[in-house]
Amino acid sequence: MKGREVEAVCPTCGARFTVPETVATTECPYCGTVFHVARREKVSVEHFYFPPSDRDPFDMTLRFVERQYGVPLDVRRASTLLRGTLHVVPVYFYHLHGRAKALLKSRKLGAFETVVEEVDDVGVVAVRGPLRELLRGYPFPIRGKRFFDERVRRMGVYYEPEISRDEARREAEATLRGRLREEAEEMAEGVEGLREEVLRVEFKGLVHYPVWEIEYEYRGEAYRAFVDGVTGAVIRAEHPLSVKGRAMMALMGLTLLAVGAMGALAIFAVGFKEIAKLAGAFASLAAGAVSSAPLFRRGVTHKVVSSEISVIMEK
């Protein structure tokens, strides 16, 4: 039988939601504030964790790999799991709010002033080494975390923080400043100045986050993947490429290179000055070479790397 529920009102954003009557402290699902339900006061709980999903990370890896262009048709049938390791990674969470007046310069508008603003939640990975690089800038979810339980230390390979809160805060602040400048740069050709009005970096807690490391074998070759233990998203995955897939990659690379060469020839055929012809031809060839290089690299290797996260972030 379902227990009685009461209304909780967030002291920060005013959101109203229900919680079981037995719950004394809860987290706002909208802004992440932890507060006492009855007193409507913030509490200083600063350590949380995300429980791992019960989805099979090896299956999630193969589902992603099967969707990649040029993979062998038997990749699922011929792949064998070698090992799965759950890494429980410490991450400092921050809420960022920045606003600045930007003095911009545009060819059409000349010099003008505008306001740029950024509001976001970010996670700063608190360990050093490969996991930190893997998860740098990762779009961690905000909702769904729970108050820390000592049993979390036994869930997998548990990591204590190796980076101080002060260092993490400086990194979060640098991220906020960088985003304000990026937004300003997108609005005009030049940024003459940026005057910060608000630069708020609010600590939201230390969160231990689950990440699966999957090692699997396909036809005698070992491959490795990292899967988000909460969402199931494939952060990074090595996978095989079939002979046909490699040939198609090389063919597409040659096509792009040929387009660049034809563009260069077309520029020489028109009546520009010699220096303009040379500059235009070089630009066309360079564009063809740059766009074809990744395809050539993928076309000459049996093992390639793909990520679901880059696609998600672009969307």
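Trainee: Starting with S4, which residue there is the bridge partner of Glu27?
Mentor: Val34 is the bridge partner of Glu27 in S4. Keep in mind that this is a predicted model, where local features need pLDDT of at least 70, side-chain atom pairs count only at pLDDT 80 or more, and totals for chains, interfaces and linings use all residues. Residues are numbered from 1 along each chain as its sequence is written, and side-chain values use heavy atoms, with hydrogens and water left out.

Trainee: How many bridges join S3 to S4?
Mentor: Three, with S3 and S4 (residues 34–36) running antiparallel. Two strands pair if DSSP finds at least two bridges between them.

Trainee: What sheet is that part of, and in which strand order?
Mentor: An open one of three strands, ordered S3-S4-S5 and paired antiparallel. Strand S3 (25–27) and strand S5 (41–42) are the edge strands, each pairing on one side only.

Trainee: How many helices and strands are there in the protein chain?
Mentor: Six helices and 14 strands. These are DSSP runs numbered from the N terminus: H or I of at least four residues for a helix, E of at least two for a strand.

Trainee: What about S7 and S8? How many bridges join them?
Mentor: There are 16 bridges between S7 and strand S8 (residues 110–125), and the two run antiparallel. One of the bridge partnerships puts Leu96 with Asp120 in S8. A hairpin of three residues connects S7 to S8.

Trainee: Switching to the core. Which residues touch the most other members of the largest one?
Mentor: Val89, Leu135, Tyr138, Phe140, Val211 and Ile235, in a nonpolar core of 20 residues. Strand S7 (79–106), helix H2 (130–134) and strand S11 (190–218) each supply at least two of its residues. Another core, of 15 residues, lies apart from it and has Phe58, Val65, Val71 and Ala225 among its members. A nonpolar core here is a set of buried Ala, Val, Leu, Ile, Met, Phe, Trp, Tyr and Cys residues joined through side-chain atoms within 4.5 Å.

Trainee: What is Val211 in contact with, leaving aside its neighbours within four places in sequence?
Mentor: From S7, Val211 is in contact with Thr85, Leu86, His87 and Val89. The other partners of Val211 are Leu135, Phe226, Val227, Gly229 and Ile235. Contact means heavy atoms within 4.5 Å.

Trainee: And over the protein chain, what share of contacts join residues at least 24 apart?
Mentor: 69%, taken among contacts between residues at least 6 apart in sequence.

Trainee: What percentage of the residues count as buried?
Mentor: Of the 315 residues in the protein chain, 38% count as buried. Buried means under 20% relative accessible area, with a 1.4 Å probe and protein chains only.

Trainee: Any holes inside? How many cavities of 30 Å³ or more turn up?
Mentor: One, from a search of the whole structure. The largest cavity has a volume of about 50 Å³. A cavity is a set of points on a 1 Å grid over the protein atoms alone where a 1.4 Å probe fits but cannot get out; the volume is the space filled by probe spheres set on the points, which are joined across faces, edges and corners.

Trainee: Which residues line the largest cavity?
Mentor: Ser53, Arg55, Pro57, Met60, Trp212, Val227, Asp228, Gly229 and Gly232. Lining residues have an atom within 4 Å of a point. Helix H1 (57–66) and strand S12 (221–228) are the elements giving two or more residues to that lining.

Trainee: Which lining residue have I already met as a contact of Val211?
Mentor: Val227 and Gly229 both line the largest cavity, and both are in contact with Val211.

Definitions and conventions: Buried < 20%, exposed > 50% of the residue type's maximum accessible area, 1.4 Å probe, protein only. 1 Å grid on protein atoms, 1.4 Å probe; cavity = no way out; pocket = protein on both sides within 12 Å on 5 of 7 lines; lining within 4 Å.
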